[in-house]
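Here are some friendly notes to read alongside the model, set out as numbered points. Please keep the structure open as you go.

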Amino acid sequence: MAAPAAGTCMASAGTHRQRQRQPTSPLPPRTALLPNGLRVRFVSRRDVAFIYKEVYEQACYLRHGITLPPGGTVVDVGGNIGLFSLRAAELMGPQGRMIAWTAGPSSSSSSSSAPAGPASAPAPIAALNVGVGDGATAAASFTFYPRAAGWSSMRADEAGVQADMAAFLENALQSREAAAAAGLDPAAAAVGAALRSVAPRWAYAATRRAAVAWMLGGRQQVACSLLSVAQLVEQQGLAGRGIDLLKVDCERAELEVLRGVGDCWPLVRQVAMEAHEASLEPALSLLRSEGGFTRVVVEQEGALAGTSLHAVYARR
């Protein structure tokens, strides 16, 4: 699953956008044309190729029996640049409902558009620029990394983020294919791979630390309002419709999201989420007990080996 969690928010062409907050964007968004003809606006370029491969080529959230029915409903917590929301909207069709939440400060200015044609009749997307919590608090501070928006979080752990990013970069430098899958610039990846092969260990380690520090530089603290999933169910009138998939990818705040489902667990049919090591076992316990899920799978992709990140899939 994507290391990116909260960074930017989006709406596909012709869809309705619902905004809870409109914070000022610290950086002007740019656009990228993806291999499938989708044009997406972004803040951090290195997120784009990585998330595209995960969502459109690897279907990282639709594994281990997770499916999206026509006319279904998906709640996306941690929408980032919106590629999974757009993909889910395409799969569900015009009768579906797609609700995406992202707390990032650049959310209000980012958007995606699908190519015109019969294939681009997605479900309408409601993009909510608000954080997701357990319902106990109404606001939180969001840590935003402009150069690596996908690592931004409401529960930032600077040391943990540095360690995860260092392991991620180490994996990406194993081969050209791994570097491309990680969204690294080819020239920078080539230099990094060369240093890894010929430089003294201390020099390579120092260079890697400097690269991580640069990517996490310029961080900003932004206040954001919070809602829980249970509050969303009431607000959006989902009690009679249910949630076919709850997707959670929010960088260390996943346990709070799950706790915020409350009494609405019977409405949730499937869950696909990223869980960090510290929250993995509590999250699995909650999914099996309060959630009532009997089919729960945990895996870790090769690109994330050595990090604290794991993918979790739950079905009834």
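1. A residue is called buried here when its relative accessible area is under 20%, exposed when that value is over 50%, and partly exposed in between. By this cut-off, buried residues make up 55% of the 316 residues in the protein chain. Please bear in mind that this is a predicted model.

2. For a first overview, the protein chain has nine helices and 13 strands. Take the contacts between residues at least 6 apart in sequence: 75% of them join residues at least 24 apart.

3. Now to the interior. In soluble globular proteins, nonpolar side chains tend to be buried together. The largest nonpolar core in this model has 51 residues, and V74, L83, M165 and L184 are the ones with the most contacts inside it. Two or more residues each come from strand 2 (39-42), helix 1 (45-57), helix 2 (83-92), helix 3 (158-172), helix 6 (201-215) and strand 13 (309-315).

4. Where does this core lie with respect to domain 1 and domain 2? Residues of domain 1 (31-112 + 120-139 + 224-315) and of domain 2 (149-216) both belong to the core, so it lies between them. A second core, separate from this one, has 45 residues, including W101, V130, A149 and I243.

5. It is worth clicking on M165. Not counting residues up to four places away in sequence, M165 touches A148, W151, V212, M215 and L216.

6. L169 is another good place to stop, and is found in helix 3. Is L169 buried or exposed? Its relative accessible area is 9%, and the cut-off for buried is under 20%, so L169 counts as buried. Leaving aside neighbours within four places in sequence, L169 is in contact with L184, V212 and M215. L169 and A189 are 20 residues apart in sequence, with 9.2 Å between their C-alpha atoms.

7. Next, a pocket. The second largest pocket has a volume of about 170 Å³. Its lining includes A172, L173, Q174, S175, R176 and L184. By class, this lining has nine nonpolar, two polar and one charged residues.

8. Which helices each supply at least two residues of that lining? They are helix 4 (176-181) and helix 5 (186-198). Helix 5 gives the largest share of the lining, four residues.

9. While you are looking at helix 5, find A194, which lies in this helix. A194 is partly exposed, with a relative accessible area of 38%. A194 and L173 are 21 residues apart in sequence and 9.2 Å apart in space, C-alpha to C-alpha.

10. Finally, a look at the backbone. Most residues other than glycine have a negative phi. H64 has a positive phi, near 55°, and is not a glycine. N80, also not a glycine, has a positive phi of about 55°.

11. Where are H64 and N80 placed? H64 lies in the loop between helix 1 and strand 3 (73-77), while N80 is in the loop between strand 3 and helix 2. H64 is partly exposed at a relative accessible area of 36%, whereas N80 counts as buried at 4% relative accessibility.

Notes. Residues numbered from 1 in each chain as written. Predicted model: local features only at pLDDT ≥ 70, side-chain atom pairs only at ≥ 80, totals over all residues. Heavy atoms only, no water. Core = buried A, V, L, I, M, F, W, Y, C linked by side-chain atoms within 4.5 Å. Buried < 20%, exposed > 50% of the residue type's maximum accessible area, 1.4 Å probe, protein only. Domains from an automatic or database assignment. Contact = heavy atoms within 4.5 Å. 1 Å grid on protein atoms, 1.4 Å probe; cavity = no way out; pocket = protein on both sides within 12 Å on 5 of 7 lines; lining within 4 Å. Points joined across faces, edges and corners; volume = space filled by probe spheres on them. Nonpolar A, V, L, I, M, F, W, Y, C, P; charged D, E, K, R; others polar.
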